[in-house]
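Thanks, everyone. I have one model to go through today, and I will start with a helix and then move to a loop. Please look at the screen.

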Amino acid sequence: MIYVMHFCRNKKCTNGWIDKDLTDARVNPPDWKYCRECAEKFGIDYDAQTPDINLSKKELQHKNKLRERLKIAREKQKKIKSPETVKIDFMTLTPYPSQTI
Ligand SMILES: [Zn+2]
């Protein structure tokens, strides 16, 4: 299990702590979780929090969309075994029409 820096989901809260990395966060510190203090304040079970649980419906929809896209992209990658040969169409040269006098 990888541990990363977390920031509280409560924007007004400045608490940060080291917690399990559940979102494969490599660059940005995750902020999907409320800190212990805020969880208590809001009546949330700190240990029961998941990366999805605090999301609004809109955020969840957006996340699911991204997940779906990632899945499709992965499946596409699997299907490509050898690079397809590319056929090049050269422009056909049409003869200049002879002018009649
Ligand atoms: Zn907090």
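Take helix H2, residues 57-79, in this predicted model. It has 23 residues, and at 1.5 Å a residue they should span 33 Å. The end C-alpha atoms are 33 Å apart, so the expected span and the model agree.

How many of the 23 residues of H2 are buried? The number is zero, so H2 lies largely in the open. A residue needs 20 or more other C-beta atoms within 10 Å to count as buried, and no residue of H2 does count as buried. On confidence, H2 has the lowest mean pLDDT among the elements of the protein chain, at 86, and H1 has the highest, at 96.

Now the chain as a whole. It has two helices and two strands, and the pattern along the sequence is β-β-α-α. There are 101 residues, of which 6% count as buried. If you take contacts between residues at least 6 apart in sequence, 31% of them join residues at least 24 apart. The mean pLDDT of the chain is 83, with 78% of residues reaching 70 or more.

Next, the loop between strand E2, residues 16-20, and helix H1, residues 36-42. Two residues there are worth a slide.

The first topic is threonine 23, which sits in this loop between E2 and H1. Is threonine 23 exposed, partly exposed or buried? It has 16 C-beta neighbours inside 10 Å, so it counts as partly exposed. Which residues is threonine 23 in contact with, leaving aside its neighbours within four places in sequence? They are Pro30, Trp32 and Pro51. For proline 51, the separation along the chain from threonine 23 is 28 residues, and their C-alpha atoms are separated by 7.0 Å.

The other residue is aspartate 24, also placed in the loop between E2 and H1. Its phi is near 55°, which is a positive value in a residue other than glycine. As background, most residues other than glycine have a negative phi. Aspartate 24 has 9 other C-beta atoms within 10 Å, and since 12 or fewer counts as exposed, aspartate 24 is exposed. The C-alpha atoms of aspartate 24 and tyrosine 3 are separated by 9.9 Å, with their positions 21 residues apart along the chain taken as the sequence distance.

To recap the two loop residues: threonine 23 is partly exposed, and aspartate 24 is exposed. That is what I have; questions are welcome.

Definitions and conventions
Residues are numbered from 1 along each chain as its sequence is written. This is a predicted model: local features need pLDDT of at least 70, side-chain atom pairs count only at pLDDT 80 or more; totals for chains, interfaces and linings use all residues. Helices (H or I, at least four residues) and strands (E, at least two) are DSSP runs, numbered from the N terminus. Two residues are in contact if their C-beta atoms, placed from the backbone, lie within 7 Å. The expected span of a helix is 1.5 Å times one less than its number of residues. pLDDT is the predictor's confidence in each residue, from 0 to 100.
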